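User: I have a model open and would like to go through a couple of positions with you. Could you start with the terms you use?
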Amino acid sequence: MGQRVVHFEITADDPRRAVEFYSKTFGWEFNSWGGPETYFLASTGKDVPGIDGAVTERFEHGQPIVNTIGVESYEDAAQRVRANGGQVIQDKQAIPGVGWFSYCRDTEGNVFGIMQPDESAR
């Protein structure tokens, strides 16, 4: 039996600003958990493969986790990253037989990837 990633957490100095960034950039939906700490549950899509997660306050400045987000169009996603206060920090690169990829940075300084599937990428 294989083990799969089932949840992710994005830590942020300002969770509300991060929620706004990911909502505007990728259309994710967020709901407050309602517990004693700031914790927004993230729904990243319906009827497509993927995982859901959360945005929470940054408590530990340790090991970074990079999540890669699948996008339909690399160019459109890179433009939305920039338009919503993020940065594309690496040139677009082909991962042969897989797709187009680059690293980005969100409004909280977190690094994440964007990937457009394309088997013809070379």
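Analyst: Buried means a relative accessible area under 20%, exposed means over 50%, and partly exposed is in between, using a 1.4 Å probe and protein chains only. This is a predicted model, where local features need pLDDT of at least 70, side-chain atom pairs count only at pLDDT 80 or more, and totals for chains, interfaces and linings use all residues. Residues are numbered from 1 along each chain as its sequence is written, and side-chain values use heavy atoms, with hydrogens and water left out.

User: Fine, how does Thr11 come out on that scale?
Analyst: Thr11 is partly exposed, because its relative accessible area is 26%.

User: And what does Thr11 touch further along the chain?
Analyst: Not counting residues up to four places away in sequence, Thr11 touches Thr56, Glu57, Arg58, Glu108 and Asn110, where contact means heavy atoms within 4.5 Å.

User: Which strand is Thr11 in, and what does that strand pair with?
Analyst: Thr11 lies in strand β1, residues 7–12, strands being DSSP runs of E with at least two residues. β1 pairs with β4 (residues 52–57) in the parallel sense over 6 bridges, pairing needing at least two DSSP bridges between the strands, and Thr11 stands opposite Thr56 in β4.

User: Switching topic, is Val71 buried or exposed?
Analyst: Val71 counts as buried, because its relative accessibility is 9%.

User: What surrounds Val71, then?
Analyst: Leaving aside neighbours within four places in sequence, Val71 is in contact with Phe26, Ala77, Ile114, Met115, Gln116 and Pro117.

Conventions. Helix = DSSP H or I, 4+ residues; strand = E, 2+ residues; numbered from the N terminus.
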